[in-house]
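User: I have a structure open and want the reasoning behind some of the labels attached to it. Please set each value against its cut-off.

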Amino acid sequence: MSEKDHKVSRRQFLTYTLTGVGGFMAAGMIMPMARFALDPALKVGAESDMVPINLHVDEVTSEPIRKNFQFEQVDAWYTSEVTGAAWVFRQGDEIIALSPVCTHLGCTVDWNTNPDFENQFFCPCHFGRFELDGTNVAGTPPTRPLDVYELEVRDGYIYLGRPIRRG
Ligand code: FES
């Protein structure tokens, strides 16, 4: 091979240099964007952690009790302390924890507060109603049941995961 074959023309040199610099700059812009897009997805596992609600199974009866609890919420790179709530009760051998968030427009439901509709969850915003198991009452605004929490019992204490949408 002659020495001439190894020579790089000014045009080739500029092309290589600009391609290299351009590629480097593009990588610098794309990497943070890719991380931004993927990072929350990678943290899904962290969000699915079960949190204790400071409630022993022996305290749970067939009458729903409202239980507030704290947990850490990761939103992209921002972590905050959030208060959650659940209506917890026993149905036979099963312990159920329902989300108090009305499935109509997100107000908070109460248990047994409307004397006209005893033993139902009642939403004061638009008079939505739900049966004890969270089923929405036909003819009221909500069109699906209350969400039900993932639930685990560890050493007699109740832990909740994320609320699961039904219907
Ligand atoms: S928000 Fe509950 S009935 Fe509308």
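Analyst: This is a predicted model. A place to start is Asn112, which lies in the loop between strand 5 and strand 6.

User: Why is Asn112 called partly exposed?

Analyst: Asn112 has 14 other C-beta atoms within 10 Å. A residue is exposed at 12 or fewer and buried at 20 or more. The value of 14 falls in between, so Asn112 is partly exposed.

User: What is notable about the backbone of Asn112?

Analyst: Asn112 has a positive phi of about 60 degrees, although it is not a glycine. Asn54, in strand 1, also has a positive phi of about 60 degrees and is not a glycine either.

User: What makes Asn54 count as exposed?

Analyst: Asn54 has 12 C-beta neighbours inside 10 Å. The exposed class takes 12 or fewer, so Asn54 with its 12 counts as exposed.

User: Which other residue is in the loop between strand 5 and strand 6, and how do you know whether that residue is buried or exposed?

Analyst: Glu118 is found in that loop. Glu118 has 9 other C-beta atoms within 10 Å; the limit for exposed is 12 or fewer, so Glu118 is exposed. Its C-alpha is 9.8 Å from that of Glu131, and the two are 13 residues apart in sequence.

User: What makes strand 5 and strand 6 a pair?

Analyst: Two strands pair if there are at least two bridges between them. Strand 5 and strand 6 have two bridges, in the antiparallel sense, so the condition is met. Within this pairing, Asp110 stands opposite Phe122 in strand 6.

User: Why are strand 5 and strand 7 called edge strands?

Analyst: The open sheet has three strands in the order 5-6-7, with antiparallel pairing. Strand 5 (110-111) and strand 7 (128-130) each pair on one side only, and they are the edge strands.

User: How do you know that strand 2 and strand 3 pair?

Analyst: 11 bridges join strand 2 (residues 65-75) to strand 3. At least two are needed, so the two strands pair, and they run antiparallel. Lys67 stands opposite Ala86 in strand 3. The two strands form a hairpin with two residues between them, and Ala76 in the turn has a positive phi of about 55 degrees.

User: Which strands pair with strand 9, and over how many bridges?

Analyst: Strand 8 and strand 9 pair over six bridges in the antiparallel sense. Three bridges join strand 1 to strand 9, and these two also run antiparallel. The minimum is two, so both the six bridges and the three bridges qualify. Val153 stands opposite Ile158 in strand 9, while the bridge partner of His56 in strand 9 is Tyr157. Strand 8 and strand 9 form a hairpin with two residues between them; Asp155 in the turn has a positive phi of about 50 degrees.

User: What makes Arg154 exposed?

Analyst: Arg154 has a place in strand 8 (residues 148-154). It has 9 C-beta neighbours inside 10 Å; with the exposed limit at 12 or fewer, Arg154 counts as exposed. Arg154 and His56 are 98 residues apart in sequence, but 9.5 Å apart from C-alpha to C-alpha.

User: Which residues touch the most other members of the largest nonpolar core, and which elements contribute to it?

Analyst: The core has 17 residues, and Ala86, Val88, Ala97, Val109 and Leu160 touch the most other members. Two or more residues come from each of strand 1 (51-56), strand 3 (78-91), strand 4 (94-98), strand 6 (121-123) and strand 9 (157-164). Not counting residues up to four places away in sequence, Val109 touches Pro100, Cys102, Phe121, Phe122, Cys123, Phe130 and Leu146.

User: What is the predictor's confidence overall, and where is it below 50?

Analyst: The protein averages a pLDDT of 86, and 80% of the residues score at least 70. Over residues 40-47 the pLDDT is below 50; this stretch has five contacts in the model beyond near neighbours in sequence.

Conventions:
Residues numbered from 1 in each chain as written. Predicted model: local features only at pLDDT ≥ 70, side-chain atom pairs only at ≥ 80, totals over all residues. Helix = DSSP H or I, 4+ residues; strand = E, 2+ residues; numbered from the N terminus. Core = buried A, V, L, I, M, F, W, Y, C linked by C-beta atoms within 7 Å. Contact = placed C-beta atoms within 7 Å. pLDDT = per-residue confidence, 0-100.
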